[in-house]
Amino acid sequence: MSLIRNRRSVRSFRDKPVEEEKTALIIEAALRSPSSRSLNPWEFIVIRDKRMLSHLSSCKPHGAAFLKKAPLGIAVLADPDRCDVWVEDASIAATYIQLAAESLGLKSCWIQIRKRGFDPERTARARVAELLGIPANLEVEALIAVGYPDEHLEGHPYESLSLSKVHDETYGNPFK
(Lines give C-alpha, C1' and ligand atoms only; values in the text may rest on other atoms or scores of the structure.)
Protein backbone atom coordinates (compact mmCIF):
# COMPACT_ATOMS: atom_id res chain seq x y z
CA MET A 1 0.00 0.00 0.00
CA SER A 2 2.87 2.40 0.57
CA LEU A 3 3.68 2.32 -3.17
CA ILE A 4 0.10 3.17 -4.03
CA ARG A 5 -0.21 5.81 -1.32
CA ASN A 6 3.03 7.57 -2.26
CA ARG A 7 2.98 7.28 -6.06
CA ARG A 8 2.41 10.57 -7.84
CA SER A 9 2.85 11.55 -11.46
CA VAL A 10 6.05 13.56 -11.78
CA ARG A 11 6.84 15.68 -14.82
CA SER A 12 10.21 17.06 -13.76
CA PHE A 13 13.24 14.76 -13.75
CA ARG A 14 16.86 15.08 -12.70
CA ASP A 15 19.53 14.79 -15.37
CA LYS A 16 20.53 11.32 -14.17
CA PRO A 17 20.25 8.14 -16.25
CA VAL A 18 18.17 5.25 -15.01
CA GLU A 19 20.49 2.33 -14.33
CA GLU A 20 20.24 -0.64 -16.71
CA GLU A 21 19.45 -2.95 -13.77
CA LYS A 22 16.45 -0.80 -12.82
CA THR A 23 15.32 -0.55 -16.44
CA ALA A 24 15.48 -4.34 -16.72
CA LEU A 25 13.39 -4.76 -13.55
CA ILE A 26 10.78 -2.31 -14.84
CA ILE A 27 10.51 -4.27 -18.10
CA GLU A 28 10.31 -7.54 -16.17
CA ALA A 29 7.39 -6.10 -14.21
CA ALA A 30 5.64 -5.12 -17.46
CA LEU A 31 6.16 -8.60 -18.88
CA ARG A 32 4.68 -10.10 -15.69
CA SER A 33 1.53 -7.97 -15.84
CA PRO A 34 -1.81 -9.77 -16.00
CA SER A 35 -3.28 -10.30 -19.43
CA SER A 36 -6.69 -11.57 -20.48
CA ARG A 37 -6.43 -15.26 -21.32
CA SER A 38 -2.62 -14.85 -21.09
CA LEU A 39 -2.60 -13.55 -24.66
CA ASN A 40 -0.02 -10.85 -23.83
CA PRO A 41 -0.87 -8.55 -26.74
CA TRP A 42 1.58 -5.88 -25.54
CA GLU A 43 5.06 -4.99 -26.69
CA PHE A 44 7.41 -2.34 -25.34
CA ILE A 45 10.05 -0.01 -26.72
CA VAL A 46 12.66 1.26 -24.26
CA ILE A 47 13.91 4.72 -25.26
CA ARG A 48 17.00 6.35 -23.72
CA ASP A 49 18.25 8.43 -26.63
CA LYS A 50 17.88 12.13 -25.72
CA ARG A 51 17.17 13.20 -29.29
CA MET A 52 14.43 10.61 -29.67
CA LEU A 53 12.90 11.56 -26.32
CA SER A 54 12.93 15.18 -27.49
CA HIS A 55 11.17 14.27 -30.76
CA LEU A 56 8.60 12.18 -28.89
CA SER A 57 7.95 15.05 -26.48
CA SER A 58 6.13 16.86 -29.28
CA CYS A 59 3.99 13.88 -30.37
CA LYS A 60 0.83 15.73 -29.29
CA PRO A 61 0.04 19.38 -28.59
CA HIS A 62 -0.34 19.03 -24.80
CA GLY A 63 0.85 16.71 -22.10
CA ALA A 64 4.07 15.26 -23.50
CA ALA A 65 6.64 18.08 -23.38
CA PHE A 66 8.17 16.86 -20.11
CA LEU A 67 9.36 13.67 -21.87
CA LYS A 68 12.15 15.82 -23.33
CA LYS A 69 13.82 15.98 -19.90
CA ALA A 70 13.15 12.38 -18.85
CA PRO A 71 16.11 9.98 -18.98
CA LEU A 72 13.88 7.04 -19.93
CA GLY A 73 10.74 6.56 -21.94
CA ILE A 74 8.81 3.35 -22.47
CA ALA A 75 6.35 3.01 -25.33
CA VAL A 76 3.50 0.64 -24.53
CA LEU A 77 2.19 -1.01 -27.70
CA ALA A 78 -0.36 -3.73 -28.37
CA ASP A 79 -1.66 -5.90 -31.18
CA PRO A 80 -5.47 -5.52 -31.40
CA ASP A 81 -5.71 -8.64 -33.59
CA ARG A 82 -4.20 -10.71 -30.81
CA CYS A 83 -6.70 -9.75 -28.12
CA ASP A 84 -10.04 -7.94 -28.03
CA VAL A 85 -9.16 -6.30 -24.69
CA TRP A 86 -5.73 -5.05 -25.71
CA VAL A 87 -6.47 -1.58 -24.29
CA GLU A 88 -7.03 -3.04 -20.85
CA ASP A 89 -4.02 -5.35 -21.05
CA ALA A 90 -1.73 -2.54 -22.25
CA SER A 91 -3.07 -0.24 -19.53
CA ILE A 92 -2.38 -2.82 -16.84
CA ALA A 93 1.18 -3.25 -18.17
CA ALA A 94 1.67 0.53 -18.14
CA THR A 95 0.49 0.65 -14.53
CA TYR A 96 2.91 -2.13 -13.61
CA ILE A 97 5.69 -0.05 -15.20
CA GLN A 98 4.73 2.90 -13.01
CA LEU A 99 4.51 0.85 -9.82
CA ALA A 100 7.83 -0.89 -10.53
CA ALA A 101 9.47 2.49 -11.11
CA GLU A 102 8.08 3.73 -7.81
CA SER A 103 9.38 0.65 -5.99
CA LEU A 104 12.87 1.40 -7.33
CA GLY A 105 12.98 5.01 -6.10
CA LEU A 106 11.99 6.45 -9.49
CA LYS A 107 8.97 8.48 -10.55
CA SER A 108 6.95 8.35 -13.74
CA CYS A 109 4.15 9.92 -15.71
CA TRP A 110 1.74 8.42 -18.25
CA ILE A 111 1.48 10.15 -21.61
CA GLN A 112 -1.75 9.15 -23.33
CA ILE A 113 -1.27 8.43 -27.04
CA ARG A 114 -4.31 6.39 -28.03
CA LYS A 115 -7.14 8.63 -29.22
CA ARG A 116 -4.98 11.77 -29.17
CA GLY A 117 -4.05 14.00 -32.11
CA PHE A 118 -0.67 15.21 -33.31
CA ASP A 119 -1.99 17.81 -35.75
CA PRO A 120 -5.28 18.26 -37.66
CA GLU A 121 -4.30 15.57 -40.17
CA ARG A 122 -2.46 12.99 -38.05
CA THR A 123 -2.86 11.15 -34.79
CA ALA A 124 -0.31 11.05 -31.99
CA ARG A 125 -0.07 7.31 -32.69
CA ALA A 126 0.95 8.02 -36.29
CA ARG A 127 3.69 10.41 -35.14
CA VAL A 128 5.03 8.00 -32.51
CA ALA A 129 4.91 5.13 -35.02
CA GLU A 130 6.80 7.22 -37.56
CA LEU A 131 9.52 8.11 -35.05
CA LEU A 132 9.91 4.62 -33.57
CA GLY A 133 9.31 2.50 -36.69
CA ILE A 134 6.23 0.80 -35.26
CA PRO A 135 4.44 -1.55 -37.68
CA ALA A 136 0.93 -0.61 -38.81
CA ASN A 137 -0.67 -3.59 -37.04
CA LEU A 138 0.38 -2.34 -33.59
CA GLU A 139 -1.39 0.35 -31.59
CA VAL A 140 0.31 2.73 -29.18
CA GLU A 141 -1.48 2.97 -25.85
CA ALA A 142 0.91 5.29 -24.05
CA LEU A 143 4.41 6.53 -23.44
CA ILE A 144 5.66 6.36 -19.86
CA ALA A 145 8.29 8.88 -18.79
CA VAL A 146 10.55 7.49 -16.04
CA GLY A 147 13.38 8.99 -14.03
CA TYR A 148 14.71 10.38 -10.80
CA PRO A 149 12.37 13.16 -9.67
CA ASP A 150 13.40 16.78 -9.66
CA GLU A 151 10.34 17.62 -7.58
CA HIS A 152 8.78 16.09 -4.50
CA LEU A 153 5.05 15.58 -4.35
CA GLU A 154 3.39 14.06 -1.31
CA GLY A 155 0.86 11.31 -1.82
CA HIS A 156 -2.75 12.41 -1.85
CA PRO A 157 -4.20 12.46 1.68
CA TYR A 158 -6.89 9.92 2.50
CA GLU A 159 -9.37 12.75 3.07
CA SER A 160 -9.04 13.82 -0.57
CA LEU A 161 -10.16 10.43 -1.93
CA SER A 162 -13.53 10.33 -3.70
CA LEU A 163 -15.17 7.99 -1.21
CA SER A 164 -18.60 9.16 -2.39
CA LYS A 165 -17.95 7.23 -5.60
CA VAL A 166 -17.78 3.93 -3.71
CA HIS A 167 -21.06 2.13 -3.09
CA ASP A 168 -21.78 -0.67 -0.64
CA GLU A 169 -23.65 -3.71 -2.03
CA THR A 170 -25.88 -1.65 -4.35
CA TYR A 171 -25.57 1.72 -6.04
CA GLY A 172 -26.36 4.62 -3.75
CA ASN A 173 -25.47 2.96 -0.46
CA PRO A 174 -22.43 4.78 0.97
CA PHE A 175 -19.38 2.62 1.55
CA LYS A 176 -18.36 2.53 5.18
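These are legends for several close-up views of a predicted model.

**View 1. The four-stranded sheet.** Here's the sheet on its own: four strands, open, in the order β1-β2-β4-β3, with antiparallel pairing. The edge strands are β1 (42-47) and β3, and each of them pairs on one side only. Going from one strand to the next, the twist averages 20°. As background, strands of a sheet pair through backbone hydrogen bonds, either parallel or antiparallel.

**View 2. β2 and its two partners.** Zoom in on β2 and you can follow its pairing on both sides. With β1, the pairing is antiparallel and covers 6 bridges; one spot to look for is Ile 47, whose bridge partner in β2 is Gly 73. With β4, again antiparallel, there are 7 bridges. Two β2 residues to find along that seam are Leu 72, with Val 146 as its bridge partner in β4, and Val 76, with Ala 142 as its partner there.

**View 3. Both faces of β2.** Is β2 buried or exposed? All 7 of its 7 residues are buried, so the strand is largely enclosed by the rest of the structure. Leu 72, Ile 74, Val 76 and Ala 78 point one way, while Gly 73, Ala 75 and Leu 77 point the other way. Residues on both faces are buried.

**View 4. The largest nonpolar core.** This view pulls out a core of 25 residues, the largest nonpolar one in the model. The residues with the most contacts inside it are Leu 56, Leu 67, Ile 113, Val 128, Ile 134 and Leu 143. Elements giving two or more residues are α3 (50-56), β2 (72-78), β3 (107-112), α5 (124-132) and β4 (139-147). Of these, α5 gives the most, with 5 residues. In soluble globular proteins, nonpolar side chains tend to be buried together.

**View 5. Around Ile 113, plus a second core.** Which residues does Ile 113 touch, not counting those up to four places away in sequence? The list is Cys 59, Ala 124, Arg 125, Val 128, Val 140, Glu 141, Ala 142 and Leu 143. There's also a second, separate core of 23 residues, which includes Phe 44, Ile 97, Ile 144 and Tyr 148.

**View 6. Helix α5 across the sheet.** α5 lies across β1, β2 and β4, and runs at about 70° to β4. Of its 9 residues, 7 are buried, so this helix is largely enclosed by the rest of the structure. The buried ones are Ala 124, Arg 125, Arg 127, Val 128, Ala 129, Leu 131 and Leu 132; note the two arginines on that list. What covers them includes β1, α3, β2 and β4. Just after the helix, look for Gly 133, which takes a positive phi of about 70°.

**View 7. Helix α2 on the sheet, with Thr 23 picked out.** α2 packs on the sheet and touches β1, β2 and β4. The direction of α2 makes about 165° with that of β1. Thr 23 belongs to this helix. Its relative accessible area is 3%, under the 20% cut-off, which is why Thr 23 counts as buried. Setting aside neighbours within four places in sequence, Thr 23 is in contact with Val 18, Val 46, Arg 48 and Leu 72. That last contact, Leu 72, is also the β2 residue whose bridge partner in β4 is Val 146.

**View 8. Where α2 meets α4.** The axes of α2 (residues 20-31) and α4 are 8 Å apart, and the helices pack at an angle of about 145°. Their crossing is right-handed. From α2 come Ile 26, Ala 29 and Ala 30, which meet Ala 93, Tyr 96, Ile 97, Ala 100 and Ala 101 in α4. What classes of residue make up this contact? There are 8 nonpolar residues, no polar ones and no charged ones. Spacing is worth a thought here: an α-helix has 3.6 residues a turn, so residues three or four places apart point the same way. Ile 97 also turns up in the second core.

**View 9. Glu 102 in α4.** Glu 102 sits in helix α4 (residues 86-103). Is this glutamate buried or exposed? Its relative accessibility is 12%, so Glu 102 counts as buried. Leaving out neighbours within four places in sequence, Glu 102 is in contact with Leu 3, Asn 6, Arg 7, Arg 8 and Lys 107.

Methods:
Residues are numbered from 1 along each chain as its sequence is written. This is a predicted model: local features need pLDDT of at least 70, side-chain atom pairs count only at pLDDT 80 or more; totals for chains, interfaces and linings use all residues. Side-chain values use heavy atoms; hydrogens and water are left out. A nonpolar core is a set of buried Ala, Val, Leu, Ile, Met, Phe, Trp, Tyr and Cys residues joined through side-chain atoms within 4.5 Å. Buried means under 20% relative accessible area, exposed over 50%, partly exposed in between (1.4 Å probe, protein chains only). Contact means heavy atoms within 4.5 Å. Axes are lines fitted to C-alpha atoms, for helices over the stretch in contact, and angles run from 0 to 180 degrees between N-to-C directions. A crossing is left-handed if the near helix is turned anticlockwise from the far one by less than a right angle, and right-handed if clockwise. Ala, Val, Leu, Ile, Met, Phe, Trp, Tyr, Cys and Pro count as nonpolar, Asp, Glu, Lys and Arg as charged, and the others, Gly among them, as polar. Two strands pair if DSSP finds at least two bridges between them.
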